[in-house]
Amino acid sequence: MFLAQVHVTYKPSILDPQAVAIKNAMHRLDFDQVTAVRQGKYFEITVDAPTSDDAEKQIEAICDQLLANPNMETYRYEVKELANQ
């Protein structure tokens, strides 16, 4: 069993209006040192695969086909083996 931690965010060239609103709110709360904010989605996915390579292939396909819009978003992930339960 493997646990994949997936982060999906907008590409740098895409306007992120929610992040702009968050940054503005931070400034209103006197967090003036904040210069940039990016927001995104986080997923934890448990995969029953024989090897980490197989788990990574499944996660890559899931990200490409479902979790991220390749025109607007980018993703990164880390796959960790779970201890026997």
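Which residue in β2 does V6 stand opposite? Let's start there, since it gets us straight into the sheet. The answer is F43: V6 and F43 face each other across the pairing with β2. One thing to keep in mind throughout is that this is a predicted model.

Okay, so let's look at the sheet itself. There are three strands in an open sheet, and the order goes β2-β1-β3, with antiparallel pairing. The two edge strands are β2, residues 40-47, and β3, residues 73-81, and each of those pairs on one side only. On average, neighbouring strands here are turned by 15° against each other, ignoring direction.

Now take the pairings one by one. Strand β1 covers residues 2-10, and with β3 it makes nine bridges in the antiparallel sense. If you want landmarks there, find T9, which sits opposite T74 in β3, and Y10, which sits opposite E73 in β3. With β2, strand β1 is joined by eight bridges, and again the two run antiparallel. That's the pairing where we found V6 and F43 opposite each other.

Next up, helix α2. That's residues 52-67, and the helix packs on the sheet, touching β1, β2 and β3. The direction of α2 makes about 155° with that of β3.

So which residues of α2 are buried? They are A55, I59, C63 and L67. These four cover an arc of only 75° around the axis, so they end up on the same side of α2. Turn to the other side of the helix and you find D53, K57 and Q65, which are exposed. And the buried residues of α2 pack against β1, β2 and β3.

Let me zoom in on two of those buried residues. I59 touches A4, V6, I45, V47, Y77 and V79, if we leave out residues up to four places away in sequence. Then there's L67, also in helix α2. L67 counts as buried because its relative accessibility is 12%. With residues up to four places away left out again, L67 touches V6, V8, K41, F43, I45, I62 and E73. For contrast, look over at R28: the C-alpha atoms of L67 and R28 are separated by 33 Å, and the two residues are 39 apart along the chain.

That brings us to the core. As a general point, nonpolar side chains tend to be buried together in soluble globular proteins. In this model, the largest nonpolar core has 13 residues, and V6, I45 and I59 are the ones that touch the most other members. As for where the core residues come from, β1, β2 and α2 each supply at least two.

Now for charges. How many salt bridges does a search of the whole structure find? Just one. The partners are K41 and E73, and their closest N and O atoms are 3.3 Å apart. K41 lies in β2 and E73 lies in β3, so this pair ties together parts that are 32 residues apart in sequence. Are the two partners buried or exposed? K41 counts as partly exposed, at 36% relative accessibility. E73, on the other hand, counts as buried, at 14%. You've met E73 already, by the way: Y10 stands opposite E73 in the sheet, and L67 touches both K41 and E73.

Last stop, the loop between α1, residues 17-28, and β2. D30 is in there, and its phi is near 70°, which is a positive value in a residue other than glycine. Why point that out? Because most residues other than glycine have a negative phi. D30 counts as exposed, with 60% relative accessibility.

V34 is in that loop between α1 and β2 too. V34 is partly exposed, with a relative accessible area of 23%. What does V34 contact, beyond its neighbours within four places in sequence? The list is K23, M26 and H27. Take V34 and K23: they are 11 residues apart in sequence, and their C-alpha atoms are 7.2 Å apart in space.

To wrap up, here's the picture to take away. You have an open sheet of three strands in the order β2-β1-β3, with helix α2 packed on that sheet and touching β1, β2 and β3. And there's one salt bridge in the whole structure, between K41 and E73.

Note on methods. Residues are numbered from 1 along each chain as its sequence is written. This is a predicted model: local features need pLDDT of at least 70, side-chain atom pairs count only at pLDDT 80 or more; totals for chains, interfaces and linings use all residues. Side-chain values use heavy atoms; hydrogens and water are left out. Two strands pair if DSSP finds at least two bridges between them. Axes are lines fitted to C-alpha atoms, for helices over the stretch in contact, and angles run from 0 to 180 degrees between N-to-C directions. Contact means heavy atoms within 4.5 Å. A salt bridge is a side-chain nitrogen of Lys or Arg within 4 Å of a carboxyl oxygen of Asp or Glu. Buried means under 20% relative accessible area, exposed over 50%, partly exposed in between (1.4 Å probe, protein chains only). A nonpolar core is a set of buried Ala, Val, Leu, Ile, Met, Phe, Trp, Tyr and Cys residues joined through side-chain atoms within 4.5 Å. The arc is that of the directions from the helix axis to the C-beta atoms.
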